[in-house]
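Colleague: Hey, got a minute to walk me through this one? I'm curious about charged pairs.

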Amino acid sequence: MSRRTSPGRPDSAELVRLLPAMGVLAVWTALMPAAGGFDPADWLPAGLVLVGLVILAAVGGGRLLPPARAARRALLALAAFTAWSLLSISWSAAPGDAWESANLLLVTLLAGWTLALVPWRPHTAVLGVLAFAVAASVVCALALADALRATQLDAFFTDQRFNQPLDYPNTSAAFCLIAGLPALLVAARPGAGLGVKAVAQAAGTFLVAFALLPQSRGSVLGGAVAVVVLLSVVPFRWRMLAGLAVAAVGVAIAARPVLHVYDVASAGGRVSAALEPAAWSLLAAALVGLLGGAGLGLAERRVRPGDDARRVTRVAGWALVALVVVGALGAAAANAGRISDAADKQWRSLKHPGVPFAGRQANRAGASRLATVDPLERYDYWRVAVDGFRAHPIRGIGIGTFGHAYTTQRRYPKPSKYPHNLTLRVLGETGIVGFVLWLAFLGFALAGLLGGLRRADRPERTLVAAALATAAYVAVHGSLDWLEAYPVITGPVLGLVLVTLVARDRAQRLAAIAAAVPSAAPLVPRASRLDVVPRPVAVGLAALACLAAAASLLAPWLSLRYEERGVGRWRTQPAAALADLRHARALNPLAATAPQAEGLIAVQLGRDARARAAFATALAREPYWVPHLELALLDAQAGRRRRARAELARATALSPRESVLGAARELLAGNDRVDAARATRKLFAQETPVRLR
């Protein structure tokens, strides 16, 4: 048997073919400290890099589609969903937002496609999981170190909750868990080296403990479900439980000082004094993980159970899972009254979004934010998403258009760009067609992960457990938040699923070679319909697709760069700034942000005609309340009070609960002369934030 077909470790040629995957990991690592890539200014150039990596992977592997049938079907279904999302720009009420959302989905698809073209084996895939966890740990540690050195902590907190490294508490917690839980699985995997076990256990323990710092309730629910999935799928449950026990010790050490940070911030205390002991406790948790992982590795070398012992531990593992389930049911029965009361309050809030939550005062009196059940504005978000689906059930309102709809229909002062529920977002924004394509992607992926799982070996089941656990986590937490807006969350989760599908298929083929199967048919990848297309035609279509993807990402990125530069220098170089904004709106003919910014700057410069033209362009692209308000101020400045009131009424119809419009209404109620530039500065002036110290 040649070294090339050996089922063991990859040879040097295969390592070279792993270079595109290393590039994807490098892209994610670069996006981690940049708020997880949330800003289009970060993920648009990252997408251009991914286009190059897809080409590199396709050329290096000599394939446009992965050989694994499940991965191929899942990718094509996701590509169809992406294409439908791009098509929805044509009927979206906010085409600029629609293009941005479709491009973000395209970036995730490009990352997944690159990884699916790489010749993964379970061993190399596990190392990739560990590399991602280590990178996430380093980024989280550096973010915490930056907070400890900072003199002002406002940028590190959102609503008194630590928001790093993704600049938003809930997604930061999610990021830590989708990296940390698979790392604990790697640490528990039989046969892993002592160093791998120690590093993986340390990274996993640190990340799980760090996830408590942002105090995200969705992460607690998602993490619990992910752990259940892990224990249900892995064949080495006792090893997994031992690793989870080590992690639990580390989390227990860190929990009190970590949770105390939010208490101090909420009470207006000295946050830096609470943050330092929390940092030391997280370091202690990591050391517990390091020593515990090494200890478990040494114990594993000394104790090698036989077949009978394995059978006993397997039965005992299932018995323990059953015991946990029975215990949970018993706890639920003991607290049936409280659960019923909470469910009743939740149901009333769900049926009457916009009404203050009945249990809000009781929640605020509680000791921990993690124990509260206040849904905040989520039920109102869900109402608007469902209304969008009812209005356009087949095609939806258009990808990324929820924020535009919610601005008009919301029952709370706070706006939102996302419905905080991935399923409702897909339904509301892409309709039945998009939802069917999304379900097809999920169905193909799940069928590939679960198919033949009982016959799979331990490395394969390790990867399947990691993929299913992270996917389950996103399914649960993504039903309460907007995780899909972060490339370092959606990309790795999708990537892990596709890598697992490819690695399983490759492992089975290499095992067949090792077993010297007489028939060569099972060793040849089954042809898809695209595989039988003449190669020149397929290559030409792929080249066109790559060019289209690059153009779709490049134009809005250049537009954004011009817009940022123009906004940044309008005070010192007004003519150059207006020229930049003119280039920005030409490069992105769908977005309204560049002409709106041009109009606002022209108002401040006293160029009223330029401002009116810019606001008219912005309104032609997207009906939004800010241009109407500015036109009202310009009309009032010119003495056209009736037209000013009409423009203000249009602005109010587009955003009825906008507080700025109430102040503008009072301003226009009198007969005093209105200075549009001064009024704009006054209306949009932000209140001085309360500084954390």
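**Charged pairs**

Modeller: Sure! Asp635 is buried, with a relative accessible area of 1% (buried is under 20%, exposed over 50%, partly exposed in between, using a 1.4 Å probe and protein chains only). This is a predicted model, where local features need pLDDT of at least 70, side-chain atom pairs need 80 or more, and totals for chains, interfaces and linings use all residues. Residues are numbered from 1 along each chain as its sequence is written, and side-chain values use heavy atoms, without hydrogens and water.

Colleague: Which side chain does Asp635 meet in a salt bridge?

Modeller: Arg612, at 2.7 Å from N to O. A salt bridge here is a side-chain nitrogen of Lys or Arg within 4 Å of a carboxyl oxygen of Asp or Glu.

Colleague: And is Arg612 buried or exposed?

Modeller: In between: Arg612 is partly exposed, at 23%.

Colleague: How many salt bridges are there in the whole structure?

Modeller: The search finds 19. One of them joins Glu100 and Lys417, with the closest N and O atoms 2.9 Å apart. Glu100 is in helix α5 and Lys417 in the loop between α16 and α17, so the pair ties together parts 317 residues apart in sequence. Helices are DSSP runs of H or I, at least four residues, numbered from the N terminus.

Colleague: How buried or exposed are those two?

Modeller: Glu100 is partly exposed at 27%, and Lys417 is partly exposed at 32%.

Colleague: What about Glu598, which partner does that one have?

Modeller: Arg610, with the closest N and O atoms 2.6 Å apart. Glu598 is buried at 1%, while Arg610 is partly exposed at 25%.

Definitions and conventions. Helices (H or I, at least four residues) and strands (E, at least two) are DSSP runs, numbered from the N terminus.
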